[in-house]
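Colleague: I am new to this structure and would be grateful for a close look at a single part of it, the nonpolar core. Please set that part in the context of the chain as a whole.

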2 protein chains.
Amino acid sequence: VGFEARLSQLVHQVDGAVACAVLGVDGIPVAQHVAGSPEGLDLESSAVEWGAVLGQAQAAAARLGGGPLEELSLQVGGLWVLLRPVGGGHHLLLVGRMPGNPGKGRFLLRLHAGEVAAGLALLS
Amino acid sequence: VGFEARLSQLVHQVDGAVACAVLGVDGIPVAQHVAGSPEGLDLESSAVEWGAVLGQAQAAAARLGGGPLEELSLQVGGLWVLLRPVGGGHHLLLVGRMPGNPGKGRFLLRLHAGEVAAGLALLS
């Protein structure tokens, strides 16, 4: 299954989900799927902002020395935002509307992180 | 119920929880409860680091203009970390060990945020 198809599956498997993306180091999506009409969601701007917050959280984790950051989630403006590093500076991003099912989103991102990392390694 | 007693209740009501605190603007705990023997957790350093990440996420939310940040959660080094702004630059922090029940932690922080905010307003 290619990246876009996998991201589309993730969006459709999680209640409330509106967008899923693989972000590069700078928070720019390298692959994405956005559901029908995600009013009020500017995925490009959001991905850069939340990718930067994830980078700051990873730096904080490195300073604390207790282990790497595995996941970051936010609730903001009626949306939930999930980010999971997949290695090589890439992250999986899943965004949805409240309430939806961010718990299932967390589970599926964890489940598919390895596959995404393997796919990215093949591309590079 | 005073702050420390409420924070202690929160720690004891959530599986895996080891520490709960009210953080000031700079991430310094203004009230806290730490369970018995939280090995490997330096609450003071962690609170400053995670409080700073929350501040960065709030700034990102402000730039995006979709609404304020309501909650931030992290998984890092076998711990889950929950942060919820309660107004006036103060935040509730709940830290626990994986797997535990961070979902219940999120629920209880949301439930008690108003009460904590009211208590802080009385103090100031």
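**From the chain to its core**

Modeller: I begin with charge: chain A carries 7 positive and 10 negative charges, and the mean positions of these two groups lie 10 Å apart. Please bear in mind that the model is a predicted one.

The setting of the core is the fold of the chain. Chain A contains 3 helices and 5 strands, which follow one another from the N terminus in the order α-β-β-α-β-β-β-α. Its C-alpha atoms occupy a box of roughly 40 × 35 × 25 Å along the principal axes. The radius of gyration of chain A is 13 Å, which agrees with a compact globule, because a globule of 124 residues would have a value near 14 Å.

Contacts and burial add to this picture. Of the contacts in chain A between residues at least 6 apart in sequence, 50% connect residues at least 24 apart. Of the 124 residues in chain A, 52% are buried. The accessible surface of the chain is about 5,300 Å², with 57% of that belonging to carbon and sulfur atoms.

We now come to the part you asked about. The largest nonpolar core has 44 residues, and the members that touch the most others are Trp50(A), Leu72(A), Leu93(A), Trp50(B), Leu72(B) and Leu93(B).

Leu72(B) merits a closer look. Leaving aside residues up to four places away in sequence, Leu72(B) touches Ser73(A) and Leu74(A) in chain A. Within chain B, its contacts are Val53(B), Leu54(B), Ala57(B), Val81(B), Leu82(B) and Leu83(B). Leu72(B) thus has contacts in both chain A and chain B.

Methods
Residues numbered from 1 in each chain as written. Chains lettered and ligands numbered in written order. Predicted model: local features only at pLDDT ≥ 70, side-chain atom pairs only at ≥ 80, totals over all residues. Heavy atoms only, no water. Helix = DSSP H or I, 4+ residues; strand = E, 2+ residues; numbered from the N terminus. Rg over C-alpha atoms; globule rule 2.2 N^0.38 Å. Buried < 20%, exposed > 50% of the residue type's maximum accessible area, 1.4 Å probe, protein only. Contact = heavy atoms within 4.5 Å. Areas by Shrake-Rupley, 256 points an atom, 1.4 Å probe, with all protein chains shown as cover. Lys, Arg positive; Asp, Glu negative; His and termini not counted. Charge placed at Lys NZ, Arg CZ, Asp CG, Glu CD. Core = buried A, V, L, I, M, F, W, Y, C linked by side-chain atoms within 4.5 Å.
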